[in-house]
Amino acid sequence: MDKLKDYFQNIRYASKIIFAASKKYFIFKMLLSILSSVLPYLPLFLWRELINALVDATFGEINSFLNKIWWIAALYCGTMLVQRLLDTVSDYLSFKYNDAIDYYLDNVMIDKVSSVDLAFFDSSDLNDKLNNSWSLIYSTKNMVTFIFDMFQKAIRLAISFSLMITLSLWLIPFVIVFCIPSVISDGLVNNLDYQFEKEYAKSRRKLEYYKDLFFEGARSEVRLYHLSEYFSNLYKLVWNQWDKAIHSKNIKVCIVNMISLILLTVNEIIIYVLSVARLIAGKIEVGDVAYYVSLLAQFRGDFTSLCYRINTFSKNSKELSDVRTFVEMKPLLEKGGTKVPTANPKIEFNNVSFRYPNAEKNVLDHCSFVINPGETVGLVGLNGSGKSTIVKLLCRFYDPSEGEILIDGIDSREYDIVKLRSLFAALFQDYVKYSFNLRENIALSDLSRIEDDAAIKQACDISNVSDFTKNWDNGVDENLTRRFDKTGKELSGGQWQRVALARAFFRNASIILLDEPSAALDPLAEHQIFEDFSKISKGKSAILISHRLSSITLADKILVLEDGHIIEQGTHRDLIEKNGRYAYLFNLQASKYV
Ligand code: ADP
C-alpha cells in the first residue's frame, strides 16, 4: 500500500517538476501529445475506406470509387504531412523542454544542497546516493519526461478501446490476456537489470578506480614501483567477472523476451483467423478486416507499452523518491531569530554537549568556556578530542544537543544566522582551491568588495601572497590552476594556504578561526603562518587549533580537550606550572626539537 502511495506521489511530483520547469512548454507538449495520439487513427480509417472502395470497384461501382479516392488521398496526404510536421515540432520542443527541465532540476538541487544542514552530509544514506552522482538528476529528468509518454499511451489506449468496442467487446479481454505475459516479461527483465546493476555497481566503481590510478591517482608510483602490470591485471580480473555476469544476464533476458514474442505472435494469428472467419460469414467487409487487425495491433502495442512505462516508472521510482525526499526535506537547524550580533561580542559555551546525528555518543560533554572580545584561544588535544566540532558549533553548522552557546549573553539561536556567521572568518584544514582568478579566490569571503583593489592588495600583503604574485603579468586577475586556462598559475601547497589566509583576512570578520591550517607544513612554514595570523588577528578574537603546541603558546587562553571534555584551561604559563596533560604534551614535543 505504501509502495502504491509512493508511486502516485512520485507521479504527482514528476508532473509538478515538468510543469514548474516551463509552463509554456508543458502546455505545448500536452497539446502535441493529444494531437499525436489522435492522428495515427485517421490513416487506419482511410485505409479501410480505400480497400472497401476498391472491392466495390471490382464489383463495377467504379464511379463511387473515383468519387471517394480523391478525398481519401487528400485526407491521407494531409494527415501524413501534419504528422511529420508534428514530429519535427515535437523533436524541437523536446530539445528545448529537456534543457529547461535540466536547468530547473540543477537549480533545485543546487539551492537545496547549499541550504541543507551540514549534518545531512555527515551521516545520511540519502547523501551517499545523492553524493554518488548527479546522474540521479538525469534519471529524474528521464522519469519526468516519461509522464508525457504515459499520458499519450493512455489516450491512445482509450481511443483504440472505444473503436474496438464497435467490433466486439469480448476481443478486448482476449487481447489483454495475450499481452499479459509480455508485460510480465518486461517486469522480469527490468528486475534482472535492476539486480544486475545493484550487484555489479561495485565492480563498475572498481573498473573506474583502476583506470583512474593510471590517469591521475598514482601516475608517479605506477612508474616508480612498476605497478602497471599489477593494476592492469586487477582491471582484467574485474572486467572478466563483469563480462561473464552480463553475458548470463543477457541470455536470460533473451529467453524471457522470446517467450513473450511467441505469445504475441500467436495472438496476432488468432485475430487474423477470427477476422477472416467473420468476413466469410459476411459480417464485415474486406477493408474492415485490415482496419480491425491494425486497430488490434495498435491496442496491443499501446497496452503493452503503457504497462512497460508503468513498470519502468515504478522501477525508477526509488530514485525519484530519493530526490523528492531530499528536496522536500526541511532543515533541522532552525534558521534562528532576528537579533544582530555586536561587532566584537563575548562568546560563552555554557555546559555544551554535542552528538553528531546518528552517532552513538557525545563528542563534546558539558564543555564550558568563555572567549572575551579580542582574546585568542588555543584548542589542544589529541585527534578526535572534539576541537573542530567546537569550531563547527560556533559557526552554527550544528546546534548543541545540550547546553547553549551565548553571544553577548544571548543564545546563538536567537540571532539571524547569516549575520551570526558574518562574525567569523575561517581557515579550515580543507580550505578550498578555487579554479578562479586570484581576485575571486580572495574576495569570495566578501563578494561585495570584490572590486576593492586596495583591500585585495592589503589582504595579499598581510598574508604574504604578494611575495609570489609580484611578477605576475595580470596581477590579481591571473587565473589559478590550469583547469580552464592553459596559462593559469599552479600554486604550491604553502602558496594555496596563503591565498586561503588572504581570503580569511579579506572578510574583515571580528572572530578568526584557524583549524589546523598548517597540518601539512613544516615547522618553519607553520611558524610563518602563525606570525602572519597574529598580524591579521590584532584586536580580533580568535580560535587556534594546532597540533604543534609551540604555535599555541601565543594564545591568551588554552583549552585542553580529551574525549570531549575540557580537562584543563589557562595560559601557557599556568598550564606548564600545573604540570598536567598540557605540560606533558608540550614537553614531549619540545624534546623532539632539541
Ligand atoms: P578533532 O578536531 O579534535 O580532531 P573532531 O571535532 O573533528 O576532533 O571530532 C571529534 C569526534 O567526532 C571524532 O571521534 C570524530 O570521529 C567525530 N566526528 C567528527 N565529525 C563527525 C561527523 N560529521 N559525524 C560523526 N562523527 C563525527
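## Charges over rings

Arg 48 sits over the face of Tyr 291, with 4.3 Å to the ring centre. Keep in mind that this is a predicted model. A lysine does something along these lines too: Lys 29 lies over the face of Phe 148, at 5.5 Å from the ring centre.

Phe 148 also has aromatic company. Together with Phe 19, Tyr 25, Phe 26 and Tyr 97, Phe 148 makes up one aromatic cluster.

## Aromatic pairs

How many aromatic pairs does the structure hold? The count comes to 18. One of them joins Tyr 209 and Tyr 210, a tilted pair with 6.1 Å centre to centre and 55 degrees between the planes. Tyr 210 has 11% relative accessibility, so it counts as buried, the cut-off being under 20%.

Then there's Tyr 434 with Phe 436, a stacked pair: the centres are 5.7 Å apart and the planes 5 degrees apart. Why stacked? Because 5 degrees between the planes falls under the 30 degrees cut-off.

Are these two rings buried or exposed? Neither, really: Tyr 434 counts as partly exposed because its relative accessibility is 26%, and Phe 436, at 36%, counts as partly exposed as well.

## Domains

For the bigger picture, the domain assignment splits things up like this: domain 1 covers 1–157, domain 2 is made of 340–423 + 510–594, and domain 3 runs over 433–508. Between domain 2 and domain 3, the C-alpha centres are 27 Å apart.

Conventions. Residues are numbered from 1 along each chain as its sequence is written. This is a predicted model: local features need pLDDT of at least 70, side-chain atom pairs count only at pLDDT 80 or more; totals for chains, interfaces and linings use all residues. Side-chain values use heavy atoms; hydrogens and water are left out. Rings of Phe, Tyr and Trp (its six-membered ring) pair if their centres lie within 6.5 Å; planes under 30 degrees apart count as stacked, over 60 as edge-to-face and the rest as tilted. Buried means under 20% relative accessible area, exposed over 50%, partly exposed in between (1.4 Å probe, protein chains only). A charge sits over a ring if NZ of Lys or CZ of Arg is within 6 Å of the ring centre and within 35 degrees of the ring normal. Domain bounds come from an automatic or database domain assignment.
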